[in-house]
Amino acid sequence: MGIEVKRAGVRRAQCSCSMPAVWWALSYARGALVIFHSPRSCAHVVREKDVGTFHRMVGAETYAPPSPVPLLTSGIGENDAVFGAVERLRACVRYAAEKYHPRAVFIGGSCVSGIIGDDTRAAAEGMEAELGLPIIAIPTGGFLDDVSFDGYLSVGRVLVERFMQPPKETRRGTVVFLGDYGGLYSAYVQELKRLLEGIGLHLAGQFPTYMPLDEMQAVPEAELLVVLGSAMSDEKQEMLISFAQEIHARFGTPYFADAFAGSAEETAHWLRAIAACCGRTAAAEKVIEREKKAFDRVLVRAREMLNGRRTVLVVGRELHWLQPEILLRLIEKAGVRLAGIILLDLFTAEQRTGVEDGLHQCTDAPILDADDPTSEELLHAVDFAFTTHELVDVQLRQILLGKLPTVGWAMERQLIEDMEHVLYRHIERGGLIYG
């Protein structure tokens with residue numbers, strides 16, 4: 001019968017609309033108001049994304065309740081698609097200014113407004129002269145744009161242009177995070193913030209999404225701009241680093257994008273590298289030693305239960321989401337033995353080859369297909385399974401790894417606790433823990 005999973009599919013291709021990225025970049029920038037020059041349905045799509053993000057944050061216990069900025073649409077209709085919708089957009093801007101009194105209005109163009117030829121930029125400039133407040137057209141075109149992330153960076157560039165000045169002095173001891181990576185209230189960002197505070201660096205903000213318009217000057221004045229991102233280099237990461245280079249060229253603000261905080265080892269390297277940039281090497285070593293000692297105490301206790309246990313890794317995602325080298329190092333520290341790896345039938349042929357090659361570089365454990373009869377036998381023979389997708393079999397003890405949850409020693413402590421807790425589950429009923 002094979003191994004069955006819940007809520008899974010093969011990603012072969014995806015469409016890419018830049019409008020949600022415009023909202024993503026401004027959604028918590030206090031003082032801003034966003035208008036989509038689009039049909040109403042475009043805002044509905046963004047609203048659904050926000051609801052999904054809210055529930056993910058609540059589930060991860062990382063939710064803090066900031067209020068998103070207002071989002072309106074000009075409401076392009078059928079007649080407007082024929083005769084143009086610039087007057088509708090102007091009316092929407094006037095309504096927004098009168099009702100919400102924003103510090104600035106940002107207009108995102110849609111594929112509909114682009115196709116019918118509305119000059120959104122000219123309309124914004126005219127409304128700015130009429131109302132006397134910044135009315136800014138973001139150069140986006142919905143699905144007409146090549147990459148969704150273009151909308152995010154377009155907002156960032158507009159904010160740099162309109163709301164930042166060359167710094168008169170550097171605010172020593174401050175850093176600004178560039179990028180999102182789960183948001184300001186994610187466990188990842190909060191853990192990095194905690195570690196940096198240990199070496200005397202205060203987080204002045206996370207740009208662009210979480211910085212109020214009146215506080216944007218903290219970016220050029222920061223001692224260091226820290227680019228958030230993934231250990232796996234990709235197009236989006238390269239675009240974000242290029243944006244950091246643009247800010248550096250404009251204001252002289254130093255930026256850091258050379259390392260990645262993942263497991264304890266990567267985080268120690270990340271912290272040392274940042275400390276070297278800011279002359280805080282001795283402080284970094286003290287923080288690293290403190291974190292190591294705290295983790296060693298957790299590990300000594302955990303080995304009493306985990307040493308000699310067997311696990312299997314069930315993989316249905318590409319490896320940049322999973323980072324198996326981090327997980328495999330951790331289970332080795334805990335004394336757990338990897339009995340094998342099972343690949344789910346959720347990859348294209350090209351993706352599968354890449355996943356297999358990457359796993360072979362990390363471990364000598366056997367790699368099995370999900371439809372291999374020995375895979376199901378292996379799943380029931382081990383003490384618990386790490387899996388990227390929830391498995392239907394309720395008799396399995398599972399630790400679900402959609403993505404590694406936080407960073408550094410905190411992440412490793414959490415996964416150690418997950419391994420301990422899942423072993424308390426009755427084998428007859430199995431159990432699922434979200435890692």
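Biologist: What makes Glu 265 and Lys 333 a salt bridge?

Modeller: Their closest N and O atoms are 3.0 Å apart. A salt bridge is a side-chain nitrogen of Lys or Arg within 4 Å of a carboxyl oxygen of Asp or Glu, so this pair qualifies. Glu 265 sits in helix H11 (residues 264–278) and Lys 333 in helix H14 (residues 324–333), 68 residues apart, so that the pair links distant parts of the chain. Helices here are DSSP runs of H or I with at least four residues, strands are runs of E with at least two, and both are numbered from the N terminus.

Biologist: Good to know! What should I keep in mind about the model itself?

Modeller: It is a predicted model, where local features need pLDDT of at least 70 and side-chain atom pairs count only at pLDDT 80 or more, while totals for chains, interfaces and linings use all residues. Residues are numbered from 1 along each chain as its sequence is written, and side-chain values use heavy atoms, leaving out hydrogens and water.

Biologist: Why is Glu 265 called partly exposed?

Modeller: Its relative accessibility is 38%. Buried means under 20% relative accessible area, exposed over 50%, and partly exposed in between (1.4 Å probe, protein chains only), so Glu 265 takes the middle label.

Biologist: Which residues are joined into one network by salt bridges that share partners?

Modeller: Glu 191, Arg 194, Arg 290, Glu 291 and Arg 413.

Biologist: How do you know that Glu 191 and Arg 194 form a salt bridge?

Modeller: Their side chains meet at 2.6 Å, N to O, which is within the 4 Å limit. The two are 3 residues apart in helix H8 (residues 187–198), separated by about one helical turn. At 9% relative accessibility Glu 191 counts as buried, whereas Arg 194, at 31%, counts as partly exposed.

Biologist: And what separates Arg 90 and Glu 87 in helix H4?

Modeller: About one helical turn, as they are 3 residues apart in helix H4 (residues 86–100). Their side chains meet in a salt bridge at 2.3 Å, N to O. Glu 87 has 52% relative accessibility, over the 50% cut-off, and is therefore exposed. Arg 90, at 25%, is partly exposed.

Biologist: How many salt bridges does the structure hold, and how many helices and strands does the protein have?

Modeller: There are 23 salt bridges, and the protein has 17 helices and 14 strands. Buried residues make up 51% of its 435 residues.
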